[in-house]
Each structure stands twice: as structure tokens, then as C-alpha cells.
Amino acid sequence: QVRLEESGGGMMMRPGDSLKLSCAASGPFLKVFRMAWYRQRPGHQRELVADFGDHGGLYYADSVKGRFEAATNSAKTAISLLMNNLQPEDTALYLCYAELSDLERPWGTHWGQGTQVTVSS
């Protein structure tokens with residue numbers, strides 16, 4: 001079974017703090033086409049934060065540009081998100097997302113369980 005395992009959240013942060021989230025794909029997958037971070041803030045729709053798409057580029061949401069830095073390996077099997085200058089509006093459940101092929105399907109979507117980031121003074 002393919003899994004996305006996130007780590008790095010679950011702590012109370014102060015405004016201005018930095019925090020790094022990580023996510024790795026595990027299980028019998030064949031190829032990862034896309035890996036991304038989304039977040040779910042209270043009262044908001046799920047939002048794309050950073051995206052390593054199959055086009056080879058990197059997308060950031062306007063709300064995090066200049067503060068967040070995403071990184072991945074060459075196979076896009078792992079992704080990290082370094083969040084600098086955290087603000088209360090960054091409080092959210094951060095979810096790892098992947099599109100990949102596995103032994104059962106040539107293409108499918110997968111979500112991690114999410115890791116909570118809370119920013120408060």
C-alpha cells in the first residue's frame with residue numbers, strides 16, 4: 001500500500017519562527033509524477049501551497065512566496081517545506097499530496113494524513 005508519511009508539525013510556534021515539514025512516499029509505487037503541499041485552514045478551502053508538478057517547475061502560493069521554501073529529490077519521492085517567518089494565518093493542517101503510478105494503476109492520487117502547524121503569540 002502506498003503511503004505518504006509527513007513529519008515536522010505538531011508544535012506550537014510563535015510568529016517569526018521557522019519550521020520544516022517533510023514528507024516521503026513509501027510502498028510499491030513505480031513513478032511519482034507530482035508532489036505538493038496543501039494546507040487546510042479553519043474556515044477556508046484547501047489551498048495549494050507549493051507544487052512540484054510534472055512540468056519540472058515549482059509553484060508557490062502568493063501568500064507564502066518569499067517565506068516558504070520547498071525542496072524535493074530528483075525522483076520526487078520526498079518533499080520538504082521550510083516555513084520561515086511563520087504568521088498566525090499560516091495556522092493550518094498541512095497535507096502532502098502525490099500523483100504516482102503503482103502496481104495497480106498507471107496514475108492515481110494520494111494524500112498524507114496531515115500535520116498540524118499552529119502559530120500563536
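In this predicted model, Lys76 is buried, with a relative accessible area of 14%. This value falls under the 20% limit that defines a buried residue. Lys76 is located in the loop that links strand 7 (68–72) with strand 8 (78–83). The backbone at Lys76 adopts a phi near 55°, a positive value in a residue other than glycine. Most residues other than glycine have a negative phi. A second residue of this kind is Asn85, where phi is near 50°, again positive in a residue other than glycine. Asn85 is placed in the loop between strand 8 and strand 9. Its relative accessibility is 38%, so Asn85 counts as partly exposed. Strand 8 is thus named in the placement of both residues, as the end of the loop holding Lys76 and as the start of the loop holding Asn85.

The search for disulfides across the whole structure returned one. This disulfide joins Cys23 to Cys96, with an S to S distance of 2.0 Å. Cys23 belongs to strand 3 (residues 19–26) and Cys96 to strand 9 (residues 92–102), so the bond ties together parts of the chain that are 73 residues apart in sequence. The torsion about the S-S bond of Cys23 and Cys96 is about -85°, and the disulfide is therefore left-handed. Both Cys23 and Cys96 are buried. For Cys23 the relative accessibility is 3%, which is why this residue counts as buried.

The surroundings of Cys23 were examined with neighbours within four places in sequence left aside. Under that condition, Cys23 is in contact with Leu4, Glu5 and Glu6, with Met35 and Trp37, with Thr77, Ala78 and Ile79, and with its disulfide partner Cys96. By contrast, the C-alpha atoms of Cys23 and Tyr60 are separated by 17 Å, the two residues being 37 residues apart along the chain.

Strand 9, which carries Cys96, forms a hairpin with strand 10, with five residues between them. The two strands run antiparallel and are joined by four bridges. In this pairing, Ala98 has His110 of strand 10 as its bridge partner. Side chains alternate along strand 10: Gly108 and His110 point to one face and are buried, whereas Thr109 and Trp111 point to the other face and are not buried.

Strand 10 also takes part in the largest pocket, as one of the elements that give two or more residues to its lining; the other is strand 1. The space in the largest pocket amounts to about 190 Å³. Its lining is made up of Val2, Arg3, Leu4, Glu5 and Glu6, together with His110, Trp111, Gly112, Gln113, Gly114 and Thr115. Strand 1 (3–7) and strand 10 (108–111) are the elements with two or more residues in this lining, and strand 1 gives the most, with four residues. By residue type, the lining of the largest pocket comprises three nonpolar, five polar and three charged residues.

Several residues link these descriptions. Leu4, Glu5 and Glu6 line the largest pocket and are also in contact with Cys23. His110 and Trp111 likewise line the pocket, although their side chains point to opposite faces of strand 10, that of His110 to the buried face. His110 is in addition the bridge partner of Ala98.

Notes:
Residues are numbered from 1 along each chain as its sequence is written. This is a predicted model: local features need pLDDT of at least 70, side-chain atom pairs count only at pLDDT 80 or more; totals for chains, interfaces and linings use all residues. Side-chain values use heavy atoms; hydrogens and water are left out. A disulfide is a pair of cysteine sulfur atoms within 2.5 Å. Buried means under 20% relative accessible area, exposed over 50%, partly exposed in between (1.4 Å probe, protein chains only). On a 1 Å grid over the protein atoms alone, a cavity is a set of points where a 1.4 Å probe fits but cannot get out, and a pocket is an open set with protein on both sides within 12 Å along at least five of seven lines; lining residues have an atom within 4 Å of a point. Grid points are joined across faces, edges and corners, and a volume is the space filled by probe spheres set on the points. Ala, Val, Leu, Ile, Met, Phe, Trp, Tyr, Cys and Pro count as nonpolar, Asp, Glu, Lys and Arg as charged, and the others, Gly among them, as polar. Two strands pair if DSSP finds at least two bridges between them. Contact means heavy atoms within 4.5 Å.
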